[in-house]
Each structure stands twice: as C-alpha cells, then as structure tokens.
Amino acid sequence: PASRMGTRACGGVTSALLPSPPSMPSSLMGMLDKMNPFKKKSGKSELDRVLDEGFKNAGPLGALAKPLIKGVASMVGDAMKETAADMDTLTDQTVRAIRMNSQASDLLGSSIACGAPFSTMSSSSNMNGVVTKNMQLQMPVQGSHGSGTVAVRATAGNGAMTIQSCVVSAG
C-alpha cells in the first residue's frame, strides 16, 4: 500500500516507499497551459500539412479517403498529446512527492530533478462516460547527494491525478 513508509537496504541499494501526495487537479494544469503566452499557436498542424501534400495528386479516390484518414490521424495525435501531458503532470507530482519526503531527501539531497522516463505504461478505461487512466513511469532521479531511479504508479480521473505508489531506489 502507498501509505507504508520505510527504507530498506538490499545489496547496497537503498529504497524509500513514499506516501501519496495531495492530488493536483489536471484542470488547473490545463488552465495554466492555456494561459502560457509562450506556447506556439498555429492555424494548421504539421499533420494536416503532410496529409495535404501527400493527397495532392491522389485523384478522386484519394479525395474521398483523405478526410477519413485525417480524422483517424487527428484522434490518434490528440490521444498521444493527452498522454504526454498526463505523463508530464505525473513527473512533476513525482518530483514534488520526493521533495516532501524526508527519507527520499536523505537519500538524494536537495535540488531533486527527474530525467526523461525510460519506461512508461498508460491505459485508460471509459465506463458509463467516466474515464479512468492508469499510468506507470520509471525514470532517473538526481539530487545534490546522489542519484537513482524512481518507479511511480498513478491513476487519473475526475480531473485529479493520484499517486498510488512511488519508490525511490538509490545506491
């Protein structure tokens, strides 16, 4: 369970199991993202430009297939963007959880930062219109006293993300 806290040594590797931090509504993150004055806004996506160029000389059959392919590609692209945003939110919450935990701070020190995930898993389910997402990340973590890896598992739904488990291993 995520409520357990402890430090264990195993073959020179020390791990800390962190408690779940408070949830941060993803709607707040979305609102802050929309307010970002530096975010690039464009009228036509790169995907649209590539598909338009590819179907330019496709003839009548290509003209019929183009909207269908654009629609499917757009849905896949939107899902990938949403998953990437969820993973970024989870990475930020993981750093915050590590900073708030004294055992992890003892292992890593201050100035804690996570690197790019080297392992990710994401799934979602929609039951009667209620979307629930499950995510897992493993990524390098570094602080002023040391470095290691962090494995985090979280769920997202109803506009909030909750870390279920967060294990830091340093050695």
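Strands here are DSSP runs of at least two residues, labelled E and numbered from the N terminus. Gly157 is found in one of them, strand E7. The model is a predicted one, and its confidence varies along the chain: the average pLDDT is 76, with 74% of the residues scoring at least 70. The weak spot to keep in mind is residues 1-14, where pLDDT stays under 50. The model does have 31 contacts beyond four places in sequence for that stretch, but where pLDDT is low, the predicted coordinates should not be read in detail.

The sheet is easiest to follow from strand to strand. Strand E4 (residues 113-114) pairs with E6 in the antiparallel sense, over two bridges, and Ala113 has Gln142 as its bridge partner in E6. Strand E5 (residues 119-127) also runs antiparallel to E6, this time joined by nine bridges; here Thr120 is partnered by Leu137 of E6. From E6 the pairing carries on to E7, antiparallel again and over 11 bridges, with Met139 matched to Val150 in E7. Finally, E7 (residues 147-157) and E8 (residues 160-170) run antiparallel and are joined by 10 bridges.

Three hairpins turn up along the way. E5 and E6 form one with two residues between them, E6 and E7 form another with four residues between them, and E7 and E8 form one with two residues between them. In the turn of the E7-E8 hairpin, Asn158 has a positive phi of about 55°. Just before that turn, Gly157 has Ala160 of E8 as its bridge partner. What is the exposure class of Gly157? Its relative accessibility is 27%, so Gly157 counts as partly exposed. Gly157 also sits 4.8 Å from Thr132, C-alpha to C-alpha, although the two are 25 residues apart in sequence.

Positive phi values deserve a closer look. Most residues other than glycine have a negative phi. Asn128 is not a glycine, yet its phi is positive at about 55°. Asn128 lies in the loop between E5 and E6, and because its relative accessibility is 83%, it counts as exposed. Ser111, not a glycine either, likewise has a positive phi of about 55°. Ser111 belongs to the loop between H4 and E4 and, with a relative accessibility of 63%, counts as exposed.

Turning to the interior, the largest nonpolar core has 23 residues. Those with the most contacts inside this core are Leu90, Ile98, Leu108, Val141, Val150 and Val168. Helix and sheet both feed into the core: H3, helix H4 (102-108), strand E6 (130-142), E7 and E8 each supply at least two of its residues. Val150 thus appears twice in the picture, as a well-connected core residue and as the partner of Met139 across the E6-E7 pairing.

Thr91 gives another view of how helix and sheet meet. Thr91 lies in helix H3 (residues 59-100) and, at 15% relative accessibility, counts as buried because the cut-off is under 20%. Leaving aside residues up to four places away in sequence, Thr91 touches Cys114, Leu137 and Met139.

Charged side chains add a further link. The structure holds one salt bridge, in which the side chains of Asp86 and Lys133 meet at 2.8 Å, N to O. Asp86 is in helix H3 and Lys133 in strand E6, so to speak distant parts of the chain, 47 residues apart. Are the two partners buried or exposed? Asp86 has 12% relative accessibility and therefore counts as buried; Lys133, at 16%, counts as buried too. In general, side chains of opposite charge can pair when their charged atoms come close.

The cysteines are a different story. The count of disulfides comes to zero. Cys114 is in no disulfide, and the nearest cysteine sulfur, in Cys166, is 7.9 Å away. Why do Cys166 and Cys114 not bond? Their sulfur atoms are 7.9 Å apart, which is too far for a bond, given that a disulfide needs the two sulfurs within 2.5 Å. Cys166 itself has 0% relative accessibility and so counts as buried.

Conventions: Residues numbered from 1 in each chain as written. Predicted model: local features only at pLDDT ≥ 70, side-chain atom pairs only at ≥ 80, totals over all residues. Heavy atoms only, no water. Buried < 20%, exposed > 50% of the residue type's maximum accessible area, 1.4 Å probe, protein only. Contact = heavy atoms within 4.5 Å. Pairing = 2+ DSSP bridges. Core = buried A, V, L, I, M, F, W, Y, C linked by side-chain atoms within 4.5 Å. Salt bridge = Lys/Arg side-chain N within 4 Å of Asp/Glu carboxyl O. pLDDT = per-residue confidence, 0-100.
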